[in-house]
Amino acid sequence: MSGTASCLTYYDVEVGSQYLSPTRTIAECDLMQFAGLTGDFNELHTSATFAEKTRFGQRIAHGMLILSIANGLYMRSGIFSTSVFLGIENWKSAKPVFIGDTLRLRLTIADKRLTKDQKRGIIGMQYEVLNQLGDVVAEGVFRRMVNIPEASGQ
């Protein structure tokens with residue numbers, strides 16, 4: 001498994017290659033700022049009193065917040081200097097994320113292909129968001145388009 005990468009190209013990555021991002025700890029302010037930004041003030045995320053009566057026993061992070069953080073962890077990993085987001089497939093939240101949990105992204109190159117004009121590459125990246133215990137808390141496939149370096153000769 002590769003560690004964090006530094007600005008790779010389409011030709012540098014192979015199907016099955018894995019990369020780990022830096023980590024990020026979820027804070028209470030993350031939940032409140034996300035609620036304010038999106039308007040999702042569900043009490044499961046914003047009320048300690050409400051959440052302690054649920055099966056989780058405490059507030060949990062918004063699933064969409066974790067998806068957004070996964071994207072930020074990808075950006076922090078520095079795998080590609082630039083890429084264009086094309087879409088997400090089969091995203092699911094597998095386990096709750098609590099305030100104080102530390103997350104990291106394990107990214108596996110799932111597939112890759114050149115565009116019809118062969119000037120760009122389309123890469124499928126399996127995202128697995130891991131907590132501090134190594135449990136997968138969310139996962140899915142992100143598709144990104146990357147430029148092909150002209151000087152590569154390929």
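Let's start with H45 and its surroundings in this predicted model. Setting aside residues up to four places away in sequence, H45 touches L31, D40, R59, I60, A61 and H62. You'll find H45 in helix α2, which covers residues 43–46. Is H45 buried or exposed? With a relative accessible area of 9%, H45 counts as buried, because the cut-off for buried is anything under 20%. For a feel of the spacing here, look for F34: F34 and H45 are eleven residues apart along the chain, and their C-alpha atoms are separated by 9.7 Å.

Now zoom out to the whole protein. What elements is the protein built from? There are four helices and six strands. If you walk along the sequence, the order is β-β-α-α-α-α-β-β-β-β. The C-alpha trace spans about 60 × 30 × 25 Å along its principal axes. The protein has 154 residues, and 40% of them are buried. Take the contacts between residues at least 6 apart in sequence: 67% of those join residues at least 24 apart.

What about the outside? The protein exposes about 8,200 Å², and carbon and sulfur atoms supply 50% of that area. As for charge, there are 16 positive and 15 negative side chains, and the centres of these two sets lie 3 Å apart.

Next, follow helix α4, which runs through residues 63–77. Its 15 residues reach 21 Å from the first C-alpha to the last, close to the 21 Å you'd expect at 1.5 Å a residue. Which residues of α4 are buried? They are L65, I66, L67, I69, A70, L73, Y74 and S77. The cover over these buried residues includes helix α1 (28–38), along with the strands β2 (24–25), β3 (84–93), β4 (102–114), β5 (120–130) and β6 (136–147). Just after α4 comes G78, which has a positive phi near 70 degrees.

One of the residues to look at in strand β4 is L105. At 2% relative accessibility, L105 counts as buried, because that value is under 20%. Who are its contacts, leaving aside neighbours within four places in sequence? L105 is in contact with Y19, L20, S21, A70, L73, Y74, Y127, E128 and V129. You've already met A70, L73 and Y74 among the buried residues of α4. L105 and N131 are 26 residues apart in sequence, and the distance between their C-alpha atoms is 9.0 Å.

Another contact of L105 is E128, which sits in strand β5. Is E128, a glutamate, buried or exposed? At 15% relative accessibility, E128 counts as buried, because it falls under the 20% cut-off. Leaving aside its neighbours within four places in sequence, E128 is in contact with R104, L105, R106, T108, V136, A138 and E139. E139 is worth finding on the structure, since E128 stands opposite this residue of β6.

That takes us to β6 itself. This strand is mostly covered, with nine of its twelve residues buried. How is β6 joined to β5? The two run antiparallel, and eleven bridges join them. β5 and β6 form a hairpin with five residues between them, and G134 in the turn has a positive phi of about 90 degrees. β6 also runs antiparallel to β3, and seven bridges join that pair. One example is S93, whose bridge partner in β6 is A138.

To finish, a word on backbone angles. Most residues other than glycine have a negative phi. Which way does phi go at N90? N90 is not a glycine, yet its phi is positive, near 55 degrees. N90 is found in strand β3, and its relative accessible area is 68%, so N90 counts as exposed, the cut-off being over 50%. Q118 is another residue other than glycine with a positive phi, here near 60 degrees. Q118 has its place in the loop between β4 and β5. At 52% relative accessibility, Q118 counts as exposed too, because 52% is over 50%.

Terms used: Residues are numbered from 1 along each chain as its sequence is written. This is a predicted model: local features need pLDDT of at least 70, side-chain atom pairs count only at pLDDT 80 or more; totals for chains, interfaces and linings use all residues. Side-chain values use heavy atoms; hydrogens and water are left out. Buried means under 20% relative accessible area, exposed over 50%, partly exposed in between (1.4 Å probe, protein chains only). Contact means heavy atoms within 4.5 Å. Accessible areas come from the Shrake-Rupley method with a 1.4 Å probe; for residues, only the protein chains shown count as cover. Lys and Arg count as positive and Asp and Glu as negative; His and the chain ends are not counted. The place of a charge is taken as NZ of Lys, CZ of Arg, CG of Asp or CD of Glu. The expected span of a helix is 1.5 Å times one less than its number of residues. Two strands pair if DSSP finds at least two bridges between them.
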